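Biologist: I'd like a close look at the inside of this protein, please: who sits there, what touches what, and where space is left. Take your time, and build the picture up for someone who works at the bench.

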Amino acid sequence: MMPADNHTFFAPMTYILTGIPGTKESHVWISILLCLMYVVALFGNSLLLFIILTERSLHEPMYLFVSMLAAADLLLSTTAVPKMLAVFWFRAGEISFAACLTELFFIHVSFMAESGILLAMAFDRYVAICDPLRYTIILTKSVMRKMGLAVVTRSFCIIFPLIFLVKMKFCGTNLPPHTYCEHLAIAWLACEDITVSIWYGLAVAIFVIGLDTVLIAVSYGLILRAIFLLPSKDARLKALHTCSSHLCVILMFYTPAFFPIFAHRFGHIIPGYILSLLTNLYVLIPPMLNPIVYGVTTKEILKRVINVFHRWCRGSSLLS
């Protein structure tokens, strides 16, 4: 699998994920932290999906967008974390080239989908606050389906070319210093010129993720303008409260995401082990915190969560 010299090209049948370089003695503690975060993400997002899908009163655009976000969070974390834990706990870093491409594709698709869903949620809040009388006319079930389909289609079309951009000639090593298959971590192993791959990734970061961020910022600029024009203080506070959870989720998603994107592309700004740790955390921090934020700050969801736990407690007490 490994060539004898750096001038021998090869097409890897497998990669060996090596984990976070320079932290071997801390792998157990890092893995425990990641496992706990994953359990919280899995439980929280599954509960959120269950509550929204089973409660007919929550079948409104705002909550349906939250359920889409929960589904994307589950896909993102479940695609990456099981292999991470296998690397840390069992040194089971071997992954086939096909499996690596599949993991790479779904991680990046779910990340792109989350950005699109957050943009759709910003539009939902804009309509709800700036044009409330036409809210149910604009955001119909048909429009919701089209928006969901647009998010999925956009994510697929943007990420699909990455599959071909990492199909290059490799030499020297098949040991990416990562716990999962990330686009540039694989591309840097190639002996070929990866300029196109780097610039495509940068273009996605700037023109897609960046555009989403700008449109969200514009939406919230218009929302805040409308809120501060409301006549009463109570109405302003109520409107701000409805947006607070979404603003928290936006900050939690984009803040950890942009740092690894640009650090990867603009040289060795920070030590490699810190960069690797950040890229591990950004597939877990938003999925873990999103359901907590929506569960705590959204009164309707919190009420249903408490009811679910009450039913479970009564059921377990009857069984005992």
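Modeller: Happy to. Let's start with a term: a residue counts as buried when its relative accessible area is under 20%. Please keep in mind that this is a predicted model.

A good place to begin is Asp212, which is found in helix α7, residues 195–228. Its relative accessible area is 2%, so Asp212 is buried. What is Asp212 in contact with, leaving aside its neighbours within four places in sequence? The partners are Ser115, Gly116, Leu119, Arg154 and Tyr254.

From there we can turn to the nonpolar packing. The largest nonpolar core has 95 residues, and the members that touch the most others are Tyr15, Leu34, Leu118 and Met121. Helix α3 gives this core its largest share, 17 residues. Take Leu34 as one of those well-connected members. Once neighbours within four places in sequence are set aside, Leu34 is in contact with Met84, Leu85, Phe88, Leu281 and Leu284.

Now for the empty space. A probe the size of a water molecule, rolled over the atoms, shows where such space is left. The structure holds two cavities of 30 Å³ or more, and the second largest has about 60 Å³ of space. Met62, Met121, Asp124, Arg125, Thr242, Ser245, His246 and Tyr294 line this second largest cavity. Here α3 and α8 are the elements that give two or more residues to the lining. By class, that lining divides into three nonpolar, three polar and two charged residues. You may recognise Met121: this residue lines the second largest cavity and is also among the core members with the most contacts to other members.

Next comes the largest pocket, with about 520 Å³ of space. Its lining has 18 residues, and those nearest the centre are Met62, Arg125, Lys238, Thr242 and Glu300. Met62, Arg125 and Thr242 thus appear in the linings of both the largest pocket and the second largest cavity. Which elements supply at least two residues each to the lining of the largest pocket? They are α2 (61–90), α3 (97–130), α8 (233–265) and α11 (299–319). Of these, α8 gives the most, with five residues. Sorted by class, the pocket lining has eight nonpolar, five polar and five charged residues.

For contrast, let's finish with some aromatic rings. A ring pair is described by the distance of the centres and the angle of the planes. The count comes to eleven aromatic pairs. In one of them, Trp89 and Phe90 meet edge-to-face, 6.3 Å centre to centre with 80 degrees between the planes. Trp89 has a relative accessible area of 40% and is partly exposed, while Phe90, at 62%, is exposed. The rings of Phe156 and Phe160 are stacked, because their planes lie at 20 degrees, with the centres 5.3 Å apart. Phe156 and Phe160 both lie in helix α5 (residues 141–165), four residues apart, which is about one turn of the helix. Phe156 is partly exposed at 41% relative accessibility, and Phe160 is partly exposed as well, at 36%. Ring pairs also link these two with Phe105, Phe106 and Phe164 into a cluster. Compare that with Asp212, where we started, which is buried with a relative accessible area of 2%.

Key. Residues are numbered from 1 along each chain as its sequence is written. This is a predicted model: local features need pLDDT of at least 70, side-chain atom pairs count only at pLDDT 80 or more; totals for chains, interfaces and linings use all residues. Side-chain values use heavy atoms; hydrogens and water are left out. Rings of Phe, Tyr and Trp (its six-membered ring) pair if their centres lie within 6.5 Å; planes under 30 degrees apart count as stacked, over 60 as edge-to-face and the rest as tilted. Buried means under 20% relative accessible area, exposed over 50%, partly exposed in between (1.4 Å probe, protein chains only). On a 1 Å grid over the protein atoms alone, a cavity is a set of points where a 1.4 Å probe fits but cannot get out, and a pocket is an open set with protein on both sides within 12 Å along at least five of seven lines; lining residues have an atom within 4 Å of a point. Grid points are joined across faces, edges and corners, and a volume is the space filled by probe spheres set on the points. Ala, Val, Leu, Ile, Met, Phe, Trp, Tyr, Cys and Pro count as nonpolar, Asp, Glu, Lys and Arg as charged, and the others, Gly among them, as polar. A nonpolar core is a set of buried Ala, Val, Leu, Ile, Met, Phe, Trp, Tyr and Cys residues joined through side-chain atoms within 4.5 Å. Contact means heavy atoms within 4.5 Å.
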